[in-house]
Amino acid sequence: PPTVLQGLGDAQFVNCTPIQAQVLPVALAGKDVAGQAQTGTGKTGAFLVTILTRLLALRDRPPKLPAAIIVAPTRELASQIHQEAKLIGAHTGLTFAQIVGGVDYQKQAAILKQGVDVVICTPGRVIDYFKQGIFKTSGIKLVVIDEADRLLDLGFEKDMRYILKKLPRYDKRQSMLFSATLSYRVLELTYEYMNLPEFISIAPEEVTVDGVDQML
């Protein structure tokens, strides 16, 4: 849509990265995707363009209910996704909320109560709001699990299963999962909670791209 293209222009995205070139045709057609890609390859752009495009095409959406949820392993990653979503989605009229721990509880609850289109979250806090009846899942049409291997490494497997079970059934939503490694545990999630996903692998030798510096 023109409003998404405008946002991509603002973000200075010109050409697709390899993961975007492979994911977008499949995801925009509404199919489930399990993608293997490193951090820094542009997968955030791939799933955000899909979410924005598909939500803009939806008619008769229930008002105030979130239509998409993006689950990330850490606050930092959720924050990066939120910033990129606001940039690419700036002209779409869609709203984005970041729901993470360590931030004012009431403030985030108020944002959810007002109504929001896309929820970008870490597992613990969003489950909290779900149990309080503040986060409602009945309107969810798209779910993204980002850095699935890290979510599992950080001990979020139970939480992830809890969230996925509370969403509309796998054939009533579109699911996208991204992971640097498609380990047995990650594949198990895809088989249990996704609808015959297409596996897309941009599998380099290293798990991070050259442009990313890591320090410990």
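A contact here means that heavy atoms lie within 4.5 Å of each other. The exercises below concern a predicted model.

**Exercise 1. Determine which residues phenylalanine 47 touches beyond its sequence neighbourhood, and whether its side chain is buried or exposed.**

Solution.
Step 1. Leaving aside residues up to four places away in sequence, phenylalanine 47 touches Ile70, Ile81, Val144, Asp146, Met176 and Phe178.
Step 2. The cut-off for a buried residue is under 20% relative accessible area. Phenylalanine 47 has a relative accessibility of 0% and therefore counts as buried.
Step 3. The largest nonpolar core has 37 residues, and Phe47, Ile51, Ile70 and Met176 are those that touch the most other members. At least two residues of this core come from each of helix H1 (2-10), helix H2 (18-28), helix H3 (43-57), E2, H4, strand E4 (118-121), strand E5 (142-145) and E6. With seven residues, H3 gives the most.
Step 4. A further core of 31 residues lies apart from this one, and its members include Cys121, Phe135, Phe156 and Leu164.
Step 5. As a general background, nonpolar side chains in soluble globular proteins tend to be buried together.

**Exercise 2. Classify the ring pair of phenylalanine 47 and phenylalanine 178, and state which elements the pair ties together.**

Solution.
Step 1. A pair of aromatic rings is described by the distance of the centres and the angle of the planes. The model holds four aromatic pairs.
Step 2. For phenylalanine 47 and phenylalanine 178, the ring centres are 5.7 Å apart and the planes stand at 40 degrees. Planes under 30 degrees apart would count as stacked and over 60 as edge-to-face, so this pair is tilted.
Step 3. Phenylalanine 47 belongs to helix H3 and phenylalanine 178 to strand E6, so the pair ties together parts that are 131 residues apart in sequence.
Step 4. Phenylalanine 178 counts as buried, because its relative accessibility is 0%.
Step 5. A ring is also involved in a charge arrangement elsewhere: the charged end of lysine 131 sits over the ring of tyrosine 162, 5.2 Å from its centre.

**Exercise 3. Establish the order of the strands in the sheet and identify which strands stand at its edges.**

Solution.
Step 1. The sheet is open and has seven strands, in the order E3-E4-E2-E5-E6-E1-E7, with parallel pairing.
Step 2. The edges are held by strand E3 (96-99) and E7; each has a single partner strand, so one side of each is left without a neighbour in the sheet.
Step 3. On average, neighbouring strands are turned by 15 degrees against each other, direction ignored.
Step 4. Four bridges link E5 and E6 in the parallel sense, and leucine 142 has glutamine 174 of E6 as its bridge partner.
Step 5. Helix H9 (residues 184-193) lies across E1, E6 and E7, and runs at about 175 degrees to E6.

**Exercise 4. Describe how strand E1 is paired and which way its residues point.**

Solution.
Step 1. E1 pairs with strand E6 (residues 174-179) in the parallel sense over four bridges. Within this pairing, alanine 34 stands opposite leucine 177.
Step 2. E1 is likewise joined by four bridges to strand E7 (residues 198-201), and the two run parallel. Glycine 35 has isoleucine 200 as its bridge partner in E7.
Step 3. In a regular strand the side chains alternate between the two faces of the sheet. In E1 (residues 33-36), Val33 and Gly35 point one way while Ala34 and Gln36 point the other, and all are buried.

**Exercise 5. For glutamine 12 and leucine 196, state where each lies and whether each is buried or exposed.**

Solution.
Step 1. Most residues other than glycine have a negative phi. Glutamine 12 has a positive phi, near 60 degrees, and leucine 196 has a positive phi of about 45 degrees.
Step 2. Glutamine 12 lies in the loop between H1 and H2, whereas leucine 196 lies in the loop between H9 and E7.
Step 3. The cut-off for an exposed residue is over 50%. Glutamine 12, with a relative accessible area of 69%, is therefore exposed. Leucine 196, at 78% relative accessibility, also counts as exposed.

Key: Residues are numbered from 1 along each chain as its sequence is written. This is a predicted model: local features need pLDDT of at least 70, side-chain atom pairs count only at pLDDT 80 or more; totals for chains, interfaces and linings use all residues. Side-chain values use heavy atoms; hydrogens and water are left out. Buried means under 20% relative accessible area, exposed over 50%, partly exposed in between (1.4 Å probe, protein chains only). Two strands pair if DSSP finds at least two bridges between them. A nonpolar core is a set of buried Ala, Val, Leu, Ile, Met, Phe, Trp, Tyr and Cys residues joined through side-chain atoms within 4.5 Å. Rings of Phe, Tyr and Trp (its six-membered ring) pair if their centres lie within 6.5 Å; planes under 30 degrees apart count as stacked, over 60 as edge-to-face and the rest as tilted. A charge sits over a ring if NZ of Lys or CZ of Arg is within 6 Å of the ring centre and within 35 degrees of the ring normal. Axes are lines fitted to C-alpha atoms, for helices over the stretch in contact, and angles run from 0 to 180 degrees between N-to-C directions.
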